[in-house]
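Take a look at the fold shown here. The report below walks through its parts.

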Amino acid sequence: MAAQLPLPVPPLPGVEDRWALFLDVDGTLLDFTDHPDQVCVDSRLRELVEDLYGALDGALALVSGRGLDDLDDLFDHPPWAMAGLHGLELRGADGRYRGVHIGASRRSLVRDIAGSVAAGLPGVMMEDKGMAVALHCRTSPQLFERLREQVQNVLPSLAGYEMQPGNMVIELKPEGMDKGSAVTTLMATWPFRGRQPVYLGDDLTDEHAFAAANLESGLSIRVGSREPSLARYSLPEPAAARAWLFRVLHALKHGALSHAHSSGGKH
């Protein structure tokens, strides 16, 4: 099969464009680290996202595999909408929370089974996310396929849960929600409604969101070179994604100024 042609760099917003920006975090805004707790959001990135949020009149959301508490800690309890745990947790722009309830006994069962898988594969680290559990093998990438097989083997004993492969990670999460569903849900609410979705993500978990953006004539932007992908545009790494977002911010501000000037500054 012929190799996929290189994807183009995404465009910048025009004066008449009304974007809704959806941003994955790890591998998109932030470079990967060996352990999820090792990442940090510097003041420059936090200010960039804050400025984009303002320039888009609030139509910005983080869509992450991290939980909302984790995202709040990283971004200093921001006002924008956020979807955590691949959409299992969702906080809208109005601050209202919607989440899936999983009982303590079920969480404990999933945690115990995932822990036994990790214990049998030295080099695999378990991360308890509450409703979901992640098994990381970033420091031992050669174990990924064995890890996938082990998780596949234990799935029959975890009714209602599904396996979500990612970048050197396998997650066990409740069925029925993904990042695409989270984007679609947010797009039906203020201030996203009626705008063009623009989604940046790097991982297999972001493919659902790429599909959702494509269905709404939006922009789907892959960060990195993973193939195959439903994304229609690409940026090579998180540093390039951050640089592009700075250009987006400039275009939004410049476009708004140009529009105000051409209309005599009337509102």
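What follows is a short tour, from the whole chain to its sheets and helices.

**The whole chain**

This is a predicted model. The protein chain has seven helices and 12 strands. Its C-alpha trace spans about 70 × 45 × 35 Å along the principal axes. Is the chain's radius of gyration in line with a compact globule? What value would 267 residues suggest? A compact globule of that length would have a radius of gyration near 18 Å, and the protein chain has 19 Å, so the two agree.Of the 267 residues, 51% are buried. Contacts with a separation of 6 or more can be split by distance along the chain: residues 24 or more positions apart account for 55% of them. The protein chain exposes about 12600 Å². Carbon and sulfur atoms supply 53% of that area.

**The eight-stranded sheet**

Strands of a sheet pair through backbone hydrogen bonds, either parallel or antiparallel. Eight strands here form an open sheet with mixed pairing. Their order is β5-β4-β3-β2-β1-β10-β11-β12. The edge strands are β5 (97–99) and β12 (233–235), and each pairs on one side only. From one strand to the next, the twist averages 15 degrees.

Helix α2 packs on this sheet. The helix touches β2, β3, β4 (89–91) and β5. Its direction makes about 130 degrees with that of β3.

Strand β2 covers residues 60–63. Which of its residues point the same way as L60? L62 does, while A61 and V63 point the other way. All four are buried.

Two neighbours flank β2 in the sheet order: β3 and β1. Strand β1 (residues 19–23) pairs with β2 in the parallel sense, over three bridges. In that pairing, the bridge partner of F22 is A61 in β2. Strand β3 (residues 81–84) also pairs with β2 in the parallel sense, again over three bridges. Here L62 stands opposite M82 in β3.

The link between β2 and β3 includes a helix. Together β2, helix α2 (residues 68–75) and β3 make a right-handed β-α-β unit.

At the β12 edge, strand β11 (residues 219–223) and β12 pair in the parallel sense over three bridges. R222 has S234 in β12 as its bridge partner.

**The four-stranded sheet**

A second open sheet has four strands, in the order β6-β7-β9-β8. Its pairing is antiparallel. Which strands lie at the edges? They are β6 (125–128) and β8 (161–166), and each pairs on one side only. The twist averages 20 degrees from one strand to the next.

Helix α3 (residues 104–119) packs on this sheet. The helix touches β6, β7 (133–136), β8 and β9. Its direction makes about 10 degrees with that of β7.

Strand β8 pairs with β9 (residues 169–174) in the antiparallel sense over six bridges. One of the matches is Q164, whose bridge partner in β9 is E171.

**Strand pairs at a glance**

The table collects the pairings described above.

| Strand pair | Sense | Bridges |
|---|---|---|
| β1 and β2 | parallel | three bridges |
| β2 and β3 | parallel | three bridges |
| β11 and β12 | parallel | three bridges |
| β8 and β9 | antiparallel | six bridges |

Note on methods:
Residues numbered from 1 in each chain as written. Predicted model: local features only at pLDDT ≥ 70, side-chain atom pairs only at ≥ 80, totals over all residues. Heavy atoms only, no water. Buried < 20%, exposed > 50% of the residue type's maximum accessible area, 1.4 Å probe, protein only. Pairing = 2+ DSSP bridges. Right-handed = clockwise from strand over helix to strand, strands pointing away. Axes fitted to C-alpha atoms, helices over the stretch in contact; angles between N-to-C directions. Contact = heavy atoms within 4.5 Å. Rg over C-alpha atoms; globule rule 2.2 N^0.38 Å. Areas by Shrake-Rupley, 256 points an atom, 1.4 Å probe, with all protein chains shown as cover.
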